Amino acid sequence: MSVPVPKLRFKNFSQALINGPFEQYIKSSKYGPRFDANDYDLNGNVKTIRGTDVALDATIKYEQVPIANLPQKLIDEHQLQEGDILMITTADCGLSAVFEKQEIPFIASAYAVRIVLKNSLDSLWVKYYLQTQHIVNEVNKYVRKGTLSNLPLSDISKFSFTVPALEEQTKIATFLSAVDEKISQLTQKHELLSQYKQGMMQKLFSQQIRFKADDGSEFGEWEEKKLGEVGENIIGLTYSPTDVTNDGTGILVLRSSNIKEGRLDKSDKVRVNKKIQDKIIVQPNDILICTRNGSQRLIGKSVIINDDEVMTFGAFMSVYRSKYNRFIAYLMQTPWFFEQVQMNLGARINQITTGTLNEFTFDFPCLEEQTKIANFLSAIDQKIEVVAQQIEQAKQWKKGLLQQMFV
């Protein structure tokens, strides 16, 4: 049986690929050690990598890894070396990264494995291969489903590997590393722009920075207002499972999952066939607010709606409607607003009522100054959005490369 060939290969590489189980490329593999929770110690001698310390982009968040105080013999037995593969075996089964040399010793936790490769494999190439859909399928084939998913070490060695020559592996890994570096640079740019926006919002809403009128004159003093005085909070739609459609028909119901980092994300879609009152049909510039959620940190998250689709919103959401919403939408993105929400949650459930929201008091500038503030912050948002799209395009490009460069 012939071994499949990748759709995309670098020039001068035409050697046949070799297919076989992963175990033939593994020098050694071992779970991390178990130890007592009391062994965690800020003055310890080793860091222990957990599943939550490995990011979805196959990098290790070294700075957040907890430190423990363990016997030196145990550390010597399990210490990660540069180029070792670390794979998570519970929850996010198969999530992997390549370990990079650090100043102090690191080991895998008891729910991860350390894989030491033979010299015939480039560890960076393996990192990218482990991100492919082929390996995702291999993980799904062997993972044990239950209350907590589990991927046995003995089954990891059975993964089907299709491997090119070492020189071609290195070429592929180098190229994809450059793609990752581009994504990293864009991500850093996105973070810096977001930080700049937050800093400017702080200065603008505290009136540390003030705009002037077009004629150069000073704007008047800001007036204290309540949200309920300058707009209306509207409670969302109550519906039952029988109202939900599965054929793409019906009206889209916006929920907390549709708010992603201050943006409207309609990838998670629930549609219902139900008569909807005009009042709870979303209008341009409405502000969608999460008012109830099992996760407390999501309550108070909001997004301004600029979308032509006819939509409504669920009962655990509210819409704030006002002619001043371009300004108020940014006010609701400030730490002040989120802190106010968290301090006023219900005692028994994670919920804030529209009545409570209406009582929030804030300083309110004239409409002309509001417009200048909103235009300034909107311009920053546009730059952030451009970078976000560039990141997504780069990630999709990488995904396509993974599909074409590996089999």
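**Exercise 1.** In which loop, between which two strands, is Ala 58 found? Work out its backbone angle and its burial as well.

*Solution.* The model is a predicted one, in which local features need pLDDT of at least 70 and side-chain atom pairs count only at pLDDT 80 or more, while totals for chains, interfaces and linings use all residues. Residues are numbered from 1 along each chain as its sequence is written, and side-chain values use heavy atoms, with hydrogens and water left out.

Step 1: Ala 58 is found in the loop between strand E3 (46–49) and strand E4 (67–68), where strands are DSSP runs of E with at least two residues and helices are runs of H or I with at least four, both numbered from the N terminus.

Step 2: The phi of Ala 58 is near 70°, a positive value in a residue other than glycine. Most residues other than glycine have a negative phi.

Step 3: Ala 58 has a relative accessible area of 4% and is therefore buried (buried means under 20% relative accessible area, exposed over 50%, and partly exposed in between, with a 1.4 Å probe and protein chains only).

**Exercise 2.** Describe Glu 261 by its place, its phi and its accessibility.

*Solution.* Step 1: Glu 261 lies in the loop between strand E14 (259–260) and strand E15 (263–264). Step 2: Its phi, near 55°, is a positive value in a residue other than glycine. Step 3: With a relative accessible area of 73%, Glu 261 is exposed, whereas Ala 58 is buried.

**Exercise 3.** Determine how strand E20 is covered and which strands pair with E20.

*Solution.* Step 1: Strand E20 covers residues 317–321, and five of its five residues are buried.

Step 2: In a regular strand the side chains alternate between the two faces of the sheet. In E20, Met 317, Val 319 and Arg 321 are buried on one side, and Ser 318 and Tyr 320 are buried on the other.

Step 3: Strand E11 (residues 232–235) runs antiparallel to E20 and is joined to E20 by four bridges (two strands pair if DSSP finds at least two bridges between them); here Ile 234 has Val 319 as its bridge partner.

Step 4: Strand E17 (residues 287–290) also pairs with E20 in the antiparallel sense over four bridges, and the partner of Ile 289 is Ser 318.

**Exercise 4.** Is Lys 398 buried or exposed, and which residues is Lys 398 in contact with, leaving aside its neighbours within four places in sequence?

*Solution.* Step 1: Lys 398 is part of helix H10, which spans residues 367–405. Step 2: Its relative accessibility is 9%, so Lys 398 counts as buried. Step 3: Leaving aside neighbours within four places in sequence, Lys 398 is in contact (heavy atoms within 4.5 Å) with Tyr 128, Gln 131, Val 179, Asp 180 and Ile 183. Step 4: The C-alpha atoms of Lys 398 and Leu 288 are separated by 33 Å, and these residues are 110 residues apart along the chain.

**Exercise 5.** Summarise the protein chain as a whole.

*Solution.* Step 1: The protein chain has ten helices and 21 strands. Step 2: Its C-alpha atoms fill a box of roughly 70 × 55 × 50 Å, taken along the principal axes. Step 3: Of the 407 residues in the chain, 44% are buried. Step 4: Among contacts between residues at least 6 apart in sequence, 76% join residues at least 24 apart.
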